[in-house]
Amino acid sequence: MDEITRLAAELGESLRTQGEQASTAESCTGGGIAEAITRIPGSSAWFEAGYVTYSNRQKALQLGVPVELFERVGAVSREVVAAMAQGARARSGARYAVAVSGVAGPGGGSPEKPVGTVWLAWADGERLFTACRLFPGDRDGVRRRTVQDALTGLIRLVAGEAPEGSARHHGNGPAQG
């Protein structure tokens with residue numbers, strides 16, 4: 001069993017024990033987190049929905065991300081992933097959500113957001129955590145590491161812990177700079 005499948009199975013066991021569900025909001029991973037989760041037999045008992053919102057338009061339409069955030073801070077930002085996670089949770093009805101947006105490469109990077117920059121957010125209705133990572137490697141490696149971190153953070157959140165290396169935000173609105 002590979003590491004991603006192991007993490008998805010561990011997440012499923014934790015959610016099943018609590019009788020709760022999770023949802024995902026993905027950009028740079030293109031549904032990879034949801035795919036990993038649904039590899040696990042019986043995941044329909046604990047996985048509610050996956051949103052693949054690659055464009056800013058779909059982030060706004062499907063998840064309710066405020067359009068002004070894209071101009072102000074860009075899609076790869078703490079504020080946008082926080083809004084994505086909260087939107088996925090609210091629209092799916094799942095207790096837990098994870099969201100990711102990043103620059104997987106090989107192009108698209110900038111000095112401020114080089115290739116490998118990924119923002120992640122985890123929400124449970126009471127708590128919201130975000131983290132920024134800079135993953136080395138090619139497109140596949142960045143996406144794989146993002147899926148692993150997303151699942152690991154969800155496992156920690158379900159256990160009542162903060163995702164490793166994350167910052168907690170208060171309130172129900174998007175995290176503010």
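**From one buried isoleucine outward**

Leaving out neighbours within four places in sequence, Ile-37 is in contact with Ala-8, Leu-11, Thr-24, Ser-43, Trp-46, Phe-47 and Leu-151. The model is predicted. Ile-37 sits in helix H2, which covers residues 32-38. Its relative accessible area is 0%, so Ile-37 is buried, the cut-off being under 20%. Distance along the chain is one thing and distance in space another. Glu-68 is 31 residues from Ile-37 in sequence, and the two C-alpha atoms are 32 Å apart.

Helix H2 also belongs to a crossover. Strand E1 (residues 22-26) and strand E2 (residues 47-52) run parallel and are joined by five bridges. One pairing can be named: Glu-26 has Val-52 in E2 as its bridge partner. Between these strands the chain passes through H2, and the resulting β-α-β crossover is right-handed. Two contacts of Ile-37 can be placed here: Thr-24 and Phe-47 fall within the residue ranges of E1 and E2.

Next, the nonpolar interior. In soluble globular proteins, nonpolar side chains tend to be buried together. Here the largest nonpolar core has 32 residues, and Leu-11, Ile-33, Trp-122 and Leu-151 have the most contacts inside it. Helices H1 (3-18), H2 and H6 each give two or more residues to this core, as do strands E3 (96-102), E4 (117-123) and E5 (128-134). H6 supplies the largest share, eight residues. Another core, of 23 residues, lies apart from it; Ala-88, Ala-97, Ala-99 and Leu-128 are among its members.

What is the span of H6? This helix runs over residues 139-158, 20 in number, and reaches 29 Å from first C-alpha to last, close to the 28 Å expected at 1.5 Å a residue. After H6 comes Gly-160, with a positive phi near 85 degrees.

Helix H5 (residues 78-92) has 15 residues and reaches 21 Å, close to the expected 21 Å. Is H5 mostly covered or mostly uncovered? It is mostly covered, with 12 of its 15 residues buried. Polar names appear on that buried list alongside nonpolar ones: Arg-78, Glu-79, Gln-86 and Ser-92 are included, and so are Val-80, Val-81, Met-84 and Ala-88. Gly-93 follows H5, and its phi is positive, near 85 degrees.

Strand E4 holds Ala-123. Why does Ala-123 count as buried? Its relative accessibility is 2%, and buried means under 20%. Residues up to four places away aside, Ala-123 touches Ala-85, Arg-89, Arg-95, Tyr-96, Ala-97, Leu-128 and Leu-157. Among these, Ala-97 and Leu-128 are members of the 23-residue core. Asp-138 is 15 residues from Ala-123 in sequence, yet the C-alpha separation is 28 Å.

The last stop is strand E3, home of Ser-101. Ser-101 has a relative accessible area of 1%, so this residue is buried. A polar atom of the Ser-101 side chain lies 2.9 Å from the backbone oxygen of Ala-75. Beyond four places in sequence, the residues that Ser-101 touches include Ser-27, Cys-28, Lys-59, Ala-75 and Val-76. Val-81 and Met-84 are also touched by Ser-101, and both are buried residues of H5. Ser-101 further touches Thr-117, Val-118 and Trp-119, which fall within the residue range of E4.

Key: Residues numbered from 1 in each chain as written. Predicted model: local features only at pLDDT ≥ 70, side-chain atom pairs only at ≥ 80, totals over all residues. Heavy atoms only, no water. Helix = DSSP H or I, 4+ residues; strand = E, 2+ residues; numbered from the N terminus. Buried < 20%, exposed > 50% of the residue type's maximum accessible area, 1.4 Å probe, protein only. Contact = heavy atoms within 4.5 Å. Expected span 1.5 Å × (residues − 1). Core = buried A, V, L, I, M, F, W, Y, C linked by side-chain atoms within 4.5 Å. Polar contact = N/O pair within 3.5 Å; in protein donor to acceptor, adjacent residues only side chain to side chain. Pairing = 2+ DSSP bridges. Right-handed = clockwise from strand over helix to strand, strands pointing away.
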